[in-house]
Amino acid sequence: TRSGYTLAHCSVFWDQLSQSTGTSDKDEAEAIRLQIETQYRRENFDNREAPATVADLAVAYIEGGRQTRFLKPIIERLGHYEVEELSQGLVDKEGGLAYPNVAPATLRRQWHGPLKAICKYSNVAIPITRPPDSAAKTQFVTPAQMDAMIRHAAASHRGSPWQAPLLEVLIGCGSRIGETLLLESADLNLEYGTLRFRAENTKANRERTVRLPARTLAALSRLPNLHEEGKLFRSRGGRPYVVRKESGAKMAYIRNAAKAAGVREFNPHMIRHGFATWRLDQTGDYLSLRQVGGWSSIQLLERYTHVAPGIGEEARTFGWDWEEKSPKEVQGFEKAKKYV
């Protein structure tokens, strides 16, 4: 008896039995392989009702369109276990084997967190706790650094008309790379100066509409595909990025721009932290920041309070002003002045 899969035709084999998994996603195929393997074994040897396995829950999670990042080690090491067999000791042991010599925060993020997520998706409770989280570090780009990054992306000889505007959106909206790359041209409303992030593309599965700073709106208004259907942002060759919800994409030019701007220990999330830090200092509006950035609670925004007093005004000098009027409001205001 043998089992296996390939990326080209993910299938499961048991003697003369061949069953397609119906997917080319490697993580999903592996989960389905384990699911079918376990079911087949029980039907032929146990002859009893099969409790759910971790592989079963992983399949449901992936088919529900959720993020597959970090699932492969979980499927490989825990996929064949029935959910009722999971214990703190077992999960911690397998996590240590999957990720040897890593910090507790890494296990929390890449092992315990994803495992609890796939169980929660199927409304299955497991008695597992995650390692304690370390104190959050608020590392963010400054307005001068972000401006330098955008100018570097725009001037790069290997660049494209989408690179600098993408950075403008990341800082103007505080959006994640994955959800930004999933934007459609139809999601941009130049008349009102807004971007719509569709529920199915956001981490919280909630739609939000964000009003853009004038600088970000101006950058987007120059995109070559504004009146074309399809993705708003494209790769250098003009093709849409291949990206799953929440997973982002390889964006080497962003890291190159950060290096050129002198940003140390850069990671792309520093742009989102910059947006939150600047905007909160500029407006003091927690409710608005939570809505436009898609944070799940006000408490998560406390880390950005009083981090860099005055940085909101500095951002305004570079053109990122979240208190100015929208294009539609400005138009109405100018008309109104004629009658005063």
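**Sheet, helix crossing and a buried alanine**

Two bridges connect β3 with strand β4 (residues 194–197), and these two strands run antiparallel. Two strands count as paired if DSSP finds at least two bridges between them. Strands (E, at least two residues) and helices (H or I, at least four) are DSSP runs, numbered from the N terminus. The structure is a predicted model, in which local features need pLDDT of at least 70 and side-chain atom pairs count only at pLDDT 80 or more, whereas totals for chains, interfaces and linings use all residues. Residues are numbered from 1 along each chain as its sequence is written, and side-chain values use heavy atoms, with hydrogens and water left out.

Strands of a sheet pair through backbone hydrogen bonds, either parallel or antiparallel. Here, three strands form an open sheet in the order β3-β4-β5, with antiparallel pairing. The edge strands, each pairing on one side only, are β3 (188–189) and β5 (208–211). Where β3 meets β4, N189 stands opposite T194. On the other side, β4 pairs with β5 in the antiparallel sense over four bridges, and F197 has R208 in β5 as its bridge partner. The faces of β5 can also be told apart: R208 and V210 lie on the covered face, T209 and R211 on the uncovered one.

Attention now turns to a pair of helices. Two packed helices are described by the angle between their axes and the distance between the axes. Helix α3 (residues 71–78) and helix α4 (residues 88–98) have axes that come within 10 Å and cross at roughly 120°. Axes are lines fitted to C-alpha atoms over the stretch in contact, and angles run from 0 to 180 degrees between N-to-C directions. The crossing angle therefore makes α3 oblique to α4; angles under 35 degrees count as roughly parallel, over 145 as roughly antiparallel, 65 to 115 as roughly perpendicular and the rest as oblique. In the contact (heavy atoms within 4.5 Å), P73, R77 and L78 of α3 meet E94, L97 and A98 of α4. These residues divide into four nonpolar, no polar and two charged.

The last stop is A276, which is found in helix α11 (residues 269–283). A276 counts as buried because its relative accessibility is 0%, where buried means under 20% relative accessible area, exposed over 50% and partly exposed in between (1.4 Å probe, protein chains only). Neighbours within four places in sequence aside, A276 is in contact with L289, W295 and Y304. The C-alpha atoms of A276 and R303 are separated by 9.5 Å, with the two residues 27 residues apart along the chain.

Methods:
Nonpolar A, V, L, I, M, F, W, Y, C, P; charged D, E, K, R; others polar.
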